[in-house]
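Got the viewer open? Let's take a short walk through this one, one selection at a time.

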Amino acid sequence: MLKTEDDVRELIENYDYEDVIIFSNPSYASAFIGISEDNRAIYDYDKMIEFLVNEDGMTDIEAVD
């Protein structure tokens, strides 16, 4: 499981993807699930919400907003 932004960057580099833009503040590394055919980072929506609730102390409603 990816835990940090550096983990995500390392994975992207290992697979020779170029010009992939990833979230960095917050990193959402735990929600990263892959890269699209057009080199876009893909994140799991529910895991992004979970990250905001657990790491930033938001409510579910605040995290969705």
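**First stop: a loop serine**

Select Ser-36, which sits in the loop that runs between strand E1 (32-35) and strand E2 (41-43). Keep in mind that you're looking at a predicted model. Ser-36 is buried, because its relative accessible area is 17% and the cut-off for buried is under 20%. Now show side chains and add Asp-38: the side chains of Ser-36 and Asp-38 make a polar contact at 2.3 Å.

**Next stop: the aromatics**

Time to switch to rings. The structure has 5 aromatic pairs. For one of them, pick Phe-23 and Tyr-28: this pair is edge-to-face, with 5.4 Å centre to centre and 75° between the planes. Turn on the surface and check the two partners. Phe-23 is partly exposed, at a relative accessible area of 39%, while Tyr-28 is buried, at 10%.

Stay on Tyr-28 and add Tyr-43. Their ring centres are 6.5 Å apart and the planes meet at 70°, so this pair is edge-to-face too. Follow the backbone from each ring and you'll see that the pair links distant parts of the chain: Tyr-28 belongs to the loop between helix H1 (5-14) and E1, Tyr-43 belongs to strand E2, and 15 residues separate them. Is Tyr-43 buried or exposed? Like Tyr-28, Tyr-43 is buried.

**Last stop: the whole group**

Finally, select Phe-23, Tyr-28, Phe-32, Tyr-43 and Phe-51 together and colour them alike: these residues form one aromatic cluster.

How values were computed:
Residues numbered from 1 in each chain as written. Predicted model: local features only at pLDDT ≥ 70, side-chain atom pairs only at ≥ 80, totals over all residues. Heavy atoms only, no water. Helix = DSSP H or I, 4+ residues; strand = E, 2+ residues; numbered from the N terminus. Buried < 20%, exposed > 50% of the residue type's maximum accessible area, 1.4 Å probe, protein only. Polar contact = N/O pair within 3.5 Å; in protein donor to acceptor, adjacent residues only side chain to side chain. Phe/Tyr/Trp six-rings, centres within 6.5 Å; stacked < 30°, edge-to-face > 60°.
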